[in-house]
Amino acid sequence: MASQKEQEHVGYDFNRIEKKWQTYWAKNQTFKATNKSDKPKFYVLDMFPYPSGAGLHVGHPLGYIASDIVARYKRHQGFNVLHPQGYDSFGLPAEQYAIQTGQHPAKTTKENIARYREQLDRMGFSFDWSREVRTSDPSYYKWTQWIFLLLFDHYYCIEADKAMPISTLVNRFEKEGNYSVNAVSDPHVPSFSASEWNAYSNEKQQQILLGYRLTYLSDTEVNWCAALGTVLANDEIINGVSERGGHPVTKKKMKQWSMRIGAYAERLLSGLDRIEWPEPLKEMQRNWIGKSIGAKVFFQVEAHEAKIEVFTTRPDTIFGVTFMTLAPELELVQQLTTPDQQKAVEEYIEKTRQRTERERMADVKSCTGVFTGSYALHPFTAERIPIWIGDYVLADYGTGAVMAVPCGDQRDFDFAKHFNLPIKNIFKSVSIEEQAYSEKENAVIDNSDFLTGLSHKEAMKTVIAALEEKGCGKGTINYRLRDAIFSRQRYWGEPIPVYYVKGIPYPLSSEDLPLELPEVQKYLPTEEGAPPLGNATHWAWDTLTKTVVDNSLIDHQSVFPLELNTMPGWAGSSWYFYRYMDAQNSREFVSLEAKNYWQDVDLYLGGSEHATGHLLYSRFWQKFLFDLELLPVDEYAKKLINQGMILGTSAFVYRKSGTQNYISKDLLTAEDKVEPIRVDVNLVNSSDELDTAAIQNWQPQFQQATFEYSKGVFKVGREVEKMSKSKYNVVNPDEICDQYGADTLRMYEMFLGPIEQAKPWNTAGISGVSGFLNKFWRLFYDDQWRVTEAEPTKEALKITHETIKKITYDIEHFSFNTCVSSFMICVNELHRLQCYSRSILTPLTVLLSPFAPHLAEELWENLGHSHSLTQEPFPVANEAYMVEENKDYPISFNGKMRFTLSLSLDLDQEAIKKAVLEDPRTMEYLNGNTPKKWIIVPAKIINIVC
């Protein structure tokens, strides 16, 4: 008998149901995780969002829905699940808005976060909001600054292969100098004895230590974006312009903070083999790290003290060197340039500054360069080698100098051909008339003195030994990975906790943190070109009171200027996954208890576009903190899934050139000269028909528009592309929730296709999923409650348990689209069987819960339960119910299949023959003949020879 509650709501009122259960979950903190539990742990994490003013579109929740399905599923399986959410809330958009309006970025960010939270809550995510973090909150960035100070206070010891305190290095310097120190350092660090070190001034000692610290200050060639007023990392530049706003980027020399990520290159590389991350992403990181095995070779410059250091992976080709090419931005270029070449070299350097590194690397067609006027001497033959500069050589890769072997490298070959430089063939029985010969394994060296006749491998060993013996080179390993620029010339970021004494940076102590952002009158750089923090009037550090004081008190005795740069966007995101473990801890960044219990992230979801940014920098910080025994593991995420994009289906109208006349898409001809113009997809219906009245009020350009209709309607063109506000193809999830409900949105996004693949959004397709959820509801309600206590049939049990098995397998393998299909098949079959049995619908409700949690909670309550189903055990498939009783046999005559016949698997061969002969179709195909032979393979085939 149904309860009064069961009788109250017989229709599927998703608005009422979803609001009810979202309120229940929030009030009861249903998804709050604990750091103490006897249950096994499971930590599932989404890359936290930047809260933009536009809010979420339907493409954003894709990964959140997938992770939420896993989180809910794991709770059903008895895990203590940590599924947190927060905001990567420092960022350029808020600062750009502040520049335009004068409104503080904190205010904009707070408003945007409120909007995001409203949207996220509406979609029924099982986040533990008690652990929310915001990277722009001083209580959070206090610990980001603390990690910076740790990096500043450590160096990388090559012998120990880990970070060590800088104090241990100072102790060695005091006792033995740095002659025997094997540490990662800047190339310009001088060699000194203990007595020399002890005689140095404090300023000089601190300057030397900057050459070892894992975070350090140095003059660095950077990517400068004038429009944004800041330095950009390589991964923030797309096709030569800024990823944010598409502004030009040029090279510029600036004093910058950097992080010595290169010290961890080999560990970052080898660590990839121990984590279950997508192989394409791992390959991107491998290429970015760029390990190369070869040799350093030193070329003496003729009539000059300078030596040119070259890294080459092919020292075996050293006798094929006919010129050298230096990166135009190398300081050495100015020293080597002769007076008669000065003008040409300077012009070329200036031209190169206008191109980004990526543009230079990608441009394999053009050959440009200038001769410096100087020559290097070959280390073995003392031959004069002309020194050129060319923008295909990068200062940040290797040493910024190339020993050009045109017979063995295509770029060198093209350069030599273009500038009519000599090409010497050093490969036996190989023609280099048309192109360079880059083959290694089959190469036999020729015309190369003591290397002649050797294979590539033999020549490599021989030439490295000879270089080392001669003192002009040595075997080495090189990495493409460069130290990460850590300064940003903007306001809305973490302040860097250092002050300056005579130009030397000194750290604040951890007790002084957080160093909070000061108030400023404007968010642009100062008139002198200093970063926005230069506008602050209260931004000096009093070393006696350990407080921030007014700039007017700077006396360079006890009050000193603070750093004006802020940290990059990736700083706060490089460790946030550990803060979630212990988000309210004001004493430490994460407690020993919390990190030992949660250990690491079991499943991480986010976009592959972060491969060489966040996902690399965060691994670097993880390994550093692991070295300090502050974290229990050196990789923070066991498994990573890169969700694909949900693409937008943009709408275009076609304007006749030079007019305000727009023509319907289906009226266009090849002769029509038209301009395609994007329009808001929300002004177009599911039949691609434009609301022409609405568009005239949408933008001023359409107010005077005239439209050529086709049969009374105006058709638009369609194109699938990235969903973006600028393309007017954004679909607001709120509108989908209003019309269909959050559970429908969740299941539809999963139904679109495999989680890793890109797929186009089509609102018209959502009705099928909406219909399914209504159909599921009708298993419980028709005009009234219809759940019975009747025993289910064998067929109903079989269908249900096959579905349980399939859904379980597919969730475990993240195949959520096939889960939705399985649900649809199951519900259709149960309706066909008119099965409304409680023993079937109860496990089915739990099964659906990770996908459509609001609907499942409502039906669970109506089944008579007084508690949430969140922790209910997940159904387990019973193999006994899935045993096949019948088999659809293909019935063949003389080897040709004619029809199928369902027969019990219990039948013996005689019974099978009898059943087949009794089927009227058999008589038709026998055509009066008697079977000569029967071929029966049980549960497989039946063939009659006649």
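Here are six short exercises on this structure, which is a predicted model.

**Exercise 1. The whole protein**

Task: Find how many helices and strands the protein has, and what share of its residues is buried.

Solution:
- Start with the elements. The protein holds 29 helices and 34 strands.
- Take the extent next. The C-alpha trace spans about 105 × 80 × 70 Å along its principal axes.
- Turn to burial. The protein has 946 residues, and 54% of them count as buried.
- Look at the surface. Its accessible area is about 41700 Å². Carbon and sulfur atoms contribute 49% of that area.

**Exercise 2. Contacts and charges**

Task: State what percentage of contacts with a separation of 6 or more joins residues 24 or more positions apart. Then state how far apart the mean positions of the positive and negative charges are.

Solution:
- Count contacts with a separation of 6 or more. Residues 24 or more positions apart make 70% of them.
- Now count charges. There are 101 positive and 123 negative ones.
- Compare their mean positions. These are 3 Å apart.

**Exercise 3. A helix pair**

Task: Classify the packing of α22 against α27.

Solution:
- Recall the descriptors. Two packed helices are described by the angle between their axes and by the distance between those axes.
- Locate the pair. Helix α22 covers residues 742-751, and helix α27 covers residues 853-862.
- Read the values. The angle is about 125°, and the axes are 7 Å apart.
- Apply the cut-offs. Roughly perpendicular runs from 65 to 115 degrees, and roughly antiparallel starts over 145. The pair is therefore oblique.
- Name the contact residues. Helix α22 supplies Ala-742, Asp-743 and Arg-746. Helix α27 supplies Pro-853, His-854 and Leu-855.

**Exercise 4. Met-164**

Task: Place Met-164 in its element and list what it is in contact with, leaving aside neighbours within four places in sequence.

Solution:
- Find the element. Met-164 sits in strand β4, residues 162-165.
- Check exposure. Buried needs under 20% relative accessible area, and exposed needs over 50%. Met-164 has 25%, so it is partly exposed.
- List the contacts beyond four places in sequence. They are Asp-153, His-154, Tyr-155 and Cys-157.
- Add a distance. Met-164 and Ile-17 are 147 residues apart in sequence. Their C-alpha atoms are 57 Å apart in space.

**Exercise 5. Backbone exceptions**

Task: Examine the peptide bond between Leu-513 and Pro-514, then phi of Asp-449 and of Lys-502.

Solution:
- Set the background. Most residues other than glycine have a negative phi, and most peptide bonds are trans.
- Take the peptide bond. Leu-513 and Pro-514 are joined in cis, with omega about 0°. Pro-514 lies in the loop between β19 (504-507) and β20 (540-542).
- Take Asp-449. Its phi is positive, about 50°. The residue lies in the loop between α15 (410-418) and α16 (456-470). Its relative accessibility is 56%, so Asp-449 counts as exposed.
- Take Lys-502. Its phi is also positive, near 55°. Lys-502 belongs to the loop between β18 (498-501) and β19. With a relative accessible area of 70%, Lys-502 is exposed.

**Exercise 6. Ser-558**

Task: Decide whether Ser-558 is buried or exposed.

Solution:
- Locate it. Ser-558 is in the loop between β21 (547-549) and β22 (559-561).
- Compare with the cut-off. Buried means under 20%. Ser-558 stands at 15% relative accessibility, so it counts as buried.
- List what it touches, leaving out residues up to four places away in sequence. Ser-558 meets Trp-541, Asp-542, Thr-543 and Leu-544.

Key. Residues are numbered from 1 along each chain as its sequence is written. This is a predicted model: local features need pLDDT of at least 70, side-chain atom pairs count only at pLDDT 80 or more; totals for chains, interfaces and linings use all residues. Side-chain values use heavy atoms; hydrogens and water are left out. Helices (H or I, at least four residues) and strands (E, at least two) are DSSP runs, numbered from the N terminus. Buried means under 20% relative accessible area, exposed over 50%, partly exposed in between (1.4 Å probe, protein chains only). Contact means heavy atoms within 4.5 Å. Accessible areas come from the Shrake-Rupley method with a 1.4 Å probe; for residues, only the protein chains shown count as cover. Lys and Arg count as positive and Asp and Glu as negative; His and the chain ends are not counted. The place of a charge is taken as NZ of Lys, CZ of Arg, CG of Asp or CD of Glu. Axes are lines fitted to C-alpha atoms, for helices over the stretch in contact, and angles run from 0 to 180 degrees between N-to-C directions. Angles under 35 degrees count as roughly parallel, over 145 as roughly antiparallel, 65 to 115 as roughly perpendicular and the rest as oblique.
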